[in-house]
Amino acid sequence: MVLYKLEDFEPNYRDTIEGQDINGLGVYTQGNDEKVGTVSDILVDEEGHFRYLVVDLGFWIFGKKVLLPIGRARIDYNTDRVYTIGLTREQAEQLPEFNERQTLDYDYEERVRGVYRQPTDYTLPLDTSAPAPLDPLAAPIAAPLDATPASARDNYNYEGEPSLFGLNEQDHQTLRLYEERLIASKRRQKTGEVSIGKRVETDTARVAVPVERERVVIERITPADAGTAVSGREADFREGEVARIEIHEETADVRKEAFLREEVRVRKVVDQETVETQETVRREELDVNSSNLPIEER
């Protein structure tokens, strides 16, 4: 089965793991917390399943990288650590060195798996065509690791070795505690409408205009020489003599003109205020029933 580096298999894998990237995490032995090295890469199969962690053994063996089957690793996101299950320094020295330029074929993986296997972890499938043992209680004899039949080479399945490639659910249990929070947001809604227009009102305006009127005043007076005789030539008696005087008067002439009285500006002003609201929220708390067993919380 072909193996790929995780970043080559899925270049955008970091967008889907919610920040829980294993690359760069320190690798420690389980139990004594001795640092082994650092995870430098992850190898996946053709279906994207994690199969190996590439571990740089800088703290044990400088400059050497080896493969750690995913089933022999326990990832602790709370401490950002990866713990190896059962890996010893002697095994690390026996493991073949990982080289990115090297082809990861079945033989290379078998060398890796052979170091991690316990004697009871792996036996070849029983050939039903071979004669059965005389003693029905006798266990089948495991074949040497280098005597792998072609059928096992062609049909190897990682699920067949859960001790190496099965995730240890007991060591990887996660209990998520949730809580509710109030998320404040604002909703804009229409509360009314202001209509501003013009209307025409009428009123009676009064204005005082001084006018002049002419009138004729006839005044009769007695001259000082009244009673004095005048000559016939001077006393010219003529009938029909008329004096004409034009009489005028002024009348009020009123007209209307429009003038700008005032200007009205219409605008909106935003007033800000803080509105407090409350709601009941729930939160989950951890309830540990340890039965007096030693429990360490971090």
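Ring pairs link Y52, Y106, Y156, Y158 and F165 into a cluster. The model is predicted: local features need pLDDT of at least 70, side-chain atom pairs count only at pLDDT 80 or more, and totals for chains, interfaces and linings use all residues. Residues are numbered from 1 along each chain as its sequence is written, and side-chain values use heavy atoms, with hydrogens and water left out.

**Exercise 1. Describe the aromatic pairs behind the cluster.**

Step 1. Fix the rule. Rings of Phe, Tyr and Trp (its six-membered ring) pair if their centres lie within 6.5 Å; planes under 30 degrees apart count as stacked, over 60 as edge-to-face and the rest as tilted. By this rule there are 6 aromatic pairs.

Step 2. Take Y52 and F165. Their centres are 5.3 Å apart, with 90° between the planes, and the pair is edge-to-face. Y52 lies in strand β4 and F165 in helix α5, so this pair ties together parts 113 residues apart in sequence. Helices (H or I, at least four residues) and strands (E, at least two) are DSSP runs, numbered from the N terminus.

Step 3. Check burial. Buried means under 20% relative accessible area, exposed over 50%, partly exposed in between (1.4 Å probe, protein chains only). Y52 has a relative accessible area of 0%, so it is buried. F165, with 5%, is buried too.

Step 4. Take Y156 and Y158. The ring centres are 5.5 Å apart and the planes stand at 90°, so this pair is edge-to-face. Both Y156 and Y158 are buried.

Step 5. Add the charge. R113 lies over the face of Y156, at 3.9 Å from the ring centre. The criterion is NZ of Lys or CZ of Arg within 6 Å of the ring centre and within 35 degrees of the ring normal.

**Exercise 2. Place E109 and its helix.**

Step 1. Locate E109. The residue is found in helix α3 (residues 106–116).

Step 2. Classify E109. Its relative accessible area is 3%, so E109 is buried.

Step 3. List its contacts (heavy atoms within 4.5 Å). Beyond its neighbours within four places in sequence, E109 touches M1, L3, Y52, L104 and Y158.

Step 4. Widen to the helix. In α3, 8 of the 11 residues are buried, so the helix is largely enclosed by the rest of the structure. Among the buried residues are Y106, Y108, E110 and R113.

**Exercise 3. Work through the salt bridges.**

Step 1. State the cut-off. A salt bridge is a side-chain nitrogen of Lys or Arg within 4 Å of a carboxyl oxygen of Asp or Glu. The structure holds 19 of them.

Step 2. Take E159 and R51. Their side chains meet at 3.0 Å, N to O. The pair links distant parts of the chain: E159 sits in the loop between α4 and α5, R51 in strand β4 (residues 50–56), 108 residues apart. R51 has 4% relative accessibility, so it counts as buried.

Step 3. Turn to E193 and K190. In this salt bridge the closest N and O atoms are 3.5 Å apart. Both E193 and K190 are exposed.

Step 4. Find the network. Salt bridges that share partners join E109, E110, R113, R117 and E161 into one network.

**Exercise 4. Trace the surroundings of strand β2.**

Step 1. Check both faces. In β2 (residues 26–29), G26 and Y28 on one side and V27 and T29 on the other are all buried.

Step 2. Find the antiparallel partner. Strands pair if DSSP finds at least two bridges between them. β2 and β3 (residues 35–44) are antiparallel over 3 bridges. Y28 stands opposite K35 in β3. The β2–β3 hairpin has 5 residues between the strands, and in it G31 takes a positive phi near 115°.

Step 3. Find the parallel partner. β2 and β7 (residues 81–84) run parallel and are joined by 4 bridges. V27 has V82 of β7 as its bridge partner.

Step 4. Look at the ring of Y28. R81 lies over its face, at 3.8 Å from the ring centre.

**Exercise 5. Judge the confidence.**

Step 1. Take the average. pLDDT is the predictor's confidence in each residue, from 0 to 100. The protein chain averages 80, and 84% of the residues score at least 70.

Step 2. Find the extremes. Confidence is lowest in helix α4 (residues 150–154), at a mean of 64, and highest in strand β5 (residues 65–69), at 94.

Step 3. Flag the weak stretch. Over residues 120–147 pLDDT stays under 50, and the model has 17 contacts beyond four places in sequence for these residues.
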